[in-house]
Each structure stands twice: as structure tokens, then as C-alpha cells.
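Please look over the model below before reading the notes. They are arranged by topic.

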Amino acid sequence: MRKLLHLLILMLLTTTTSAQTDGWYTVRHSWDCNGKNYSIELEISEELYDYYQNEREHLAYHYKIEDAETPVNFYSFILSDYDRPFIRELADRFSERAFTDLDKVNLAMTFVQSFPYAYDDDSKGEEEYVRYPIETLVDGSGDCEDKVVLLASLLYEMDIDFVLLSLPEHLALAVRCDGVLAERYIVFRNKRYYYVETTMEGWQIGQVPPDYAFSEVEVYPSLAMPTLLVREMRFESQAAPVFEKADCSLKVQLHNLGPGRATGLQLHVWVYEGSPNNAKVIAEANFNLDDLWEGMRRDESFAIRSFIKENTKICIEITGDNIELQHFDLPLNHSKTTRRRPF
């Protein structure tokens, strides 16, 4: 059975061969690290590459941030579920050739640096396009964001602590590992992180390009949890006498922006009168939900019975093993549809 990824890291004198097979991209690459030359051969599923090329609708949120203080969540690219087997196998092979964490970082860093730099508008025909790691490997090039995403995905699998660094019109990262001799570092949460430049070959750990040596920098730690949105919520009730409960239905559209699958989901519903801080609960119910995979959108329907009055309101909360609490309030006029910005 063909593995998802077949990777050989060899000295240059070793012969590397591969066969082209339908349904797979064969990628060959060589680079230098600390005076040695390494070569790789990758076989990557065309189906997965096409998925990351075409199924990007759930990423629109990360490109159209209305709040200027909200950063693009690059971790949705770094920690995507579907290419984990590829990236994990690649990282394992790097680790096999490295004796220390510093060796691992250097091997992965020089590998990523050796990919040619490409502007998005030239290579993708778009002003802004972030590649998933698989895309950068197949395309054989990328800009600063693409290269940082690829390197970060490898470091994550090698258990190397890192943070993302946002500079003026530039993205980089910084690593924390023993053995680095550089004098330049960033202190974040009482830990030292050393700058890593991915755009081109030659930069060492801790070296900062002159253009960014005195720039302001924002530090973003790992956000390894899915972002779950409620895209739409609709509540409907049948007509009923004032003193009798009505059959009601709640419809909610959930969308998982990633990274990863949202698990252990539960939805709690309250129907109440008054203000949220001084509410009289009329009815409430709990519902268990199936896991929601990264990038997937799903409609959920729930049936409850409740008294319905003119000032009735509804509140829902969604919890899960690996998502932040989602809270939503909605005034009701017996039938109501709402569309809101993401939580």
C-alpha cells in the first residue's frame, strides 16, 4: 500500500529515483545545511493538493477582517488536519537526521529557505493568497507567509516551541531551543525566542534583516483550536393559546473555520423573558452534536416546547472540547431569522 508521503533524505552522492504515478505529485528538492547537501523525494496526493487549491471558502474570514486589530489566523494553515500525515512524516525524517533540537531547526529552516521566493500576484494571480504547506511543497515556491506556514508546520510536529512575528508588510517566526548563540532575541512570556528569516538562503537563527532590525513587532502564540461560527440562526413557533406551550423549532448553521476538527460539541438553549442579567427562564434544553470537521458547514435542527410571548427572547451557548464558548442572544417575534458577524 502506497504511503501518503514517501520521503528519503540522502546525501548528494546517493542516487534518488522515483516513478510518476497518476494521482500523485512527485517532488524532488535538494538544499545545503551546515556544509552538507541533502535531497528529498516527496510523493503528494493530487486529491489533497486540489482540495487545498479549491476548497478555500471557509478561509474567507481570515482574509476579510473587519476589526483591524484582529490578525489573520495563520494557524488555520499551519495546523490544518488533512495534511498532517504528510507534514508529520516529513518532520520525522528531519528528526531522524538531527541529534539536537537546534539541528532539527537548522535542517527544516534551510530546507524552507531554499525554496524560491514568489509574489502572490505573479504566482497565483491574486493580491493575497496564503498557501497551505502542501501547496508550497508542490508549487516549489512561496512568499514570506507561505514559507513561515511551511516551517511552522514542521516545527510544530517536531515539538519545537515557536511564535509568529508580524512586522510591517512581513511575516517571520522565532524559535526557542537550546544551543543558539545569537545575541538578538525576543522575550515573550518570560521566554527567549530567536528570530528566523525564511525568505531566502543564508540567514542564520537570530539574524534579523536590516530592514526589520528596528521595526515594531507583534508576537502571536500558537492558537491550536478551531474557530466555530454560527452563520445563521432561525427560531419558529407554532400558534398556541397564551397559557399553553407551543411547539418550536430552532435551526442553526455551524461552520468550522479550522484548524482541526471541533469535538465534543453541545448546544444549550434558553427561552426567557426580561434582560439577560435579570431573566426569567421559560424553557431550556441541551443537545449533543456530532463533531464538525475543519472547513465543513452543517445545518442543525432542534425541537423544543415553550410559552411564547411578545417579549420572549432566546439564548444559545455552544461548548466543546477544543473551542471557545459561543454565546448568542436573539429577540423573538414568533419567527425570526438572523445573520450576524462571527463571534
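The notes below cover a hairpin, an open sheet with a helix packed on it, and one buried glutamine. The model is predicted.

**Hairpin of strands 2 and 3**
- Strand 2 (residues 24-33) runs antiparallel to strand 3, and 10 bridges join the two.
- The hairpin they form has 2 residues between the strands, and N34 in this turn has a positive phi of about 50°.
- C33 is placed opposite K36 of strand 3.
- Strand 3 spans residues 36-45 and is mostly covered, with 9 of its 10 residues buried.

**Open sheet**
- In this sheet, 5 strands follow the order 6-7-5-4-8 and pair in antiparallel fashion.
- Strand 6 (186-188) and strand 8 (218-220) are at the edges; each has a single partner strand, so one side of each lacks a neighbour in the sheet.
- On average, neighbouring strands of this sheet are turned by 40° against each other, direction ignored.
- Strand 5 (residues 170-176) and strand 7 (residues 191-196) are antiparallel and joined by 3 bridges.
- L173 has V196 in strand 7 as its bridge partner.
- Helix 8 (residues 144-157) packs on the sheet, where it touches strand 4 (161-167), strand 5 and strand 7.
- The direction of helix 8 makes about 20° with that of strand 5.

**Q113**
- Q113 is part of helix 5 (residues 101-113).
- Q113 counts as buried because its relative accessibility is 3%, against a cut-off of under 20%.
- A polar atom of the Q113 side chain lies 2.7 Å from the backbone oxygen of E197.
- Beyond its neighbours within four places in sequence, Q113 is in contact with K147, E197, T198, T199, M200, E201, G202 and W203.

How values were computed:
Residues are numbered from 1 along each chain as its sequence is written. This is a predicted model: local features need pLDDT of at least 70, side-chain atom pairs count only at pLDDT 80 or more; totals for chains, interfaces and linings use all residues. Side-chain values use heavy atoms; hydrogens and water are left out. Buried means under 20% relative accessible area, exposed over 50%, partly exposed in between (1.4 Å probe, protein chains only). Helices (H or I, at least four residues) and strands (E, at least two) are DSSP runs, numbered from the N terminus. Two strands pair if DSSP finds at least two bridges between them. A polar contact is a pair of N or O atoms within 3.5 Å; within protein, one must be able to donate a hydrogen and the other to accept it, and residues adjacent in sequence count only if both atoms are side-chain atoms. Contact means heavy atoms within 4.5 Å. Axes are lines fitted to C-alpha atoms, for helices over the stretch in contact, and angles run from 0 to 180 degrees between N-to-C directions.
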